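Open the model in your viewer and keep the selection panel at hand. We will go stop by stop.

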Amino acid sequence: MTGSVWLAAVCLAVCAATCLSASALAENDLAAALPLPNELVAFNTSEGRHLLLQANDNGHAECFWDLSMQYVTQETQTYCSIATLTIMLNAISVSAPIDPVYSPFPYYTQNAIFTPCVNALVNKTVLAKQGATLQQAASIPTCFKVATKATHAADSSLDSFRRALMEATGSKNTFLAVNFLRATLDEAGEGHFSPVGAYDMKRDMALVMDVARYKYPAFWAPVETLFNSLNTTDSASNLSRGWVILQPAAE
């Protein structure tokens, strides 16, 4: 079996095992999800899979494999940031709290992430009503020996965002999440968080692993269009949306 054929087989196996929005939606439940705008490419299409293989060949899908093993759907319609952080924290493999559901095994869940430290940083009741701002989401991982860096798109540039994508997707231990406005992508909804799993240099597209999998599949978006969706104002903070990078904290 050649390397490219093996990688394709692995990719399909991972998608089948972890991406609820992939083959199951394509074959059975497509009516339950909203159609993607024409500019976006669904991950579970032949074109979407080809983009992943192309990104992997160019060394910019390093984070995908760890993220895909932890890919989950947000448990409520305001928990996009919590689901995103849960995925990324499990992918980083730092010490985790214990959820009684999985006791005695430590594992980040959308319930266990609300430790006393996190509850002191964010108001869970408010978050349940309106979700998190970029800065609030970036503060949560600091409770778990994880270094974070939030960047507001209005304070940055398209080129800086592209460089951040290349760095994160080219590393196995650096993860990037985007906080974007769906309407700018011609999607239904408002502000949203999701991890980025890969970057295709040839097409200049990023793989957004959408955590609202009941609504949209994971999708590829042109980087400039994605940046424009980050460079929008969050009414809760009166600041622009943007991106957050997670890495293990230095010892």
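Start by selecting Cys63. This residue is buried, with a relative accessible area of just 1%. Go next to Cys80, which also counts as buried, at 8% relative accessibility. The cut-off for that label is under 20% relative accessible area. Across the 251 residues of the protein chain, buried residues make up 54%.

Now Cys117. Its relative accessible area is 38%, so Cys117 is partly exposed. Which residue does Cys117 pair with in a disulfide? Select Cys143: the two sulfur atoms lie 2.0 Å apart. The link between Cys117 and Cys143 is left-handed, with -75° about the S-S bond. Cys117 sits in helix H6 (residues 116–121), while Cys143 is in the loop between helix H8 (134–139) and strand E2 (146–152), so the disulfide ties together parts 26 residues apart in sequence. The count for the model comes to 1 disulfide. A disulfide is a covalent bond between the sulfur atoms of two cysteines.

Zoom out and colour by secondary structure. The protein chain has 10 helices and 9 strands. Show contacts between residues at least 6 apart in sequence: 67% of them join residues at least 24 apart.

Next, the largest pocket. How much space lies in it? About 510 Å³. To find its centre, select Gln130, Gly131, Glu190, Gly191 and His192, the closest to that centre of the 25 lining residues. Then add the elements around the largest pocket. Helix H5 (80–92), helix H7 (124–130), strand E4 (191–200) and strand E7 (233–234) each supply at least two lining residues. E4 gives the most, with 3 residues. Colour the lining by residue class: 13 residues are polar, 6 are nonpolar and 6 are charged.

Last stop: confidence. This is a predicted model, so colour the chain by pLDDT. The mean pLDDT of the protein chain is 89, and 87% of its residues reach 70 or more. Select residues 1–10: pLDDT is below 50 there, and the stretch has 7 contacts in the model beyond near neighbours in sequence. Select residues 12–32 as well. Here too pLDDT stays under 50, and the model has 30 contacts beyond four places in sequence for this stretch. Where pLDDT is low, the predicted coordinates should not be read in detail.

Technical notes: Residues are numbered from 1 along each chain as its sequence is written. This is a predicted model: local features need pLDDT of at least 70, side-chain atom pairs count only at pLDDT 80 or more; totals for chains, interfaces and linings use all residues. Side-chain values use heavy atoms; hydrogens and water are left out. On a 1 Å grid over the protein atoms alone, a cavity is a set of points where a 1.4 Å probe fits but cannot get out, and a pocket is an open set with protein on both sides within 12 Å along at least five of seven lines; lining residues have an atom within 4 Å of a point. Grid points are joined across faces, edges and corners, and a volume is the space filled by probe spheres set on the points. Helices (H or I, at least four residues) and strands (E, at least two) are DSSP runs, numbered from the N terminus. Ala, Val, Leu, Ile, Met, Phe, Trp, Tyr, Cys and Pro count as nonpolar, Asp, Glu, Lys and Arg as charged, and the others, Gly among them, as polar. A disulfide is a pair of cysteine sulfur atoms within 2.5 Å. Buried means under 20% relative accessible area, exposed over 50%, partly exposed in between (1.4 Å probe, protein chains only). pLDDT is the predictor's confidence in each residue, from 0 to 100. Contact means heavy atoms within 4.5 Å.
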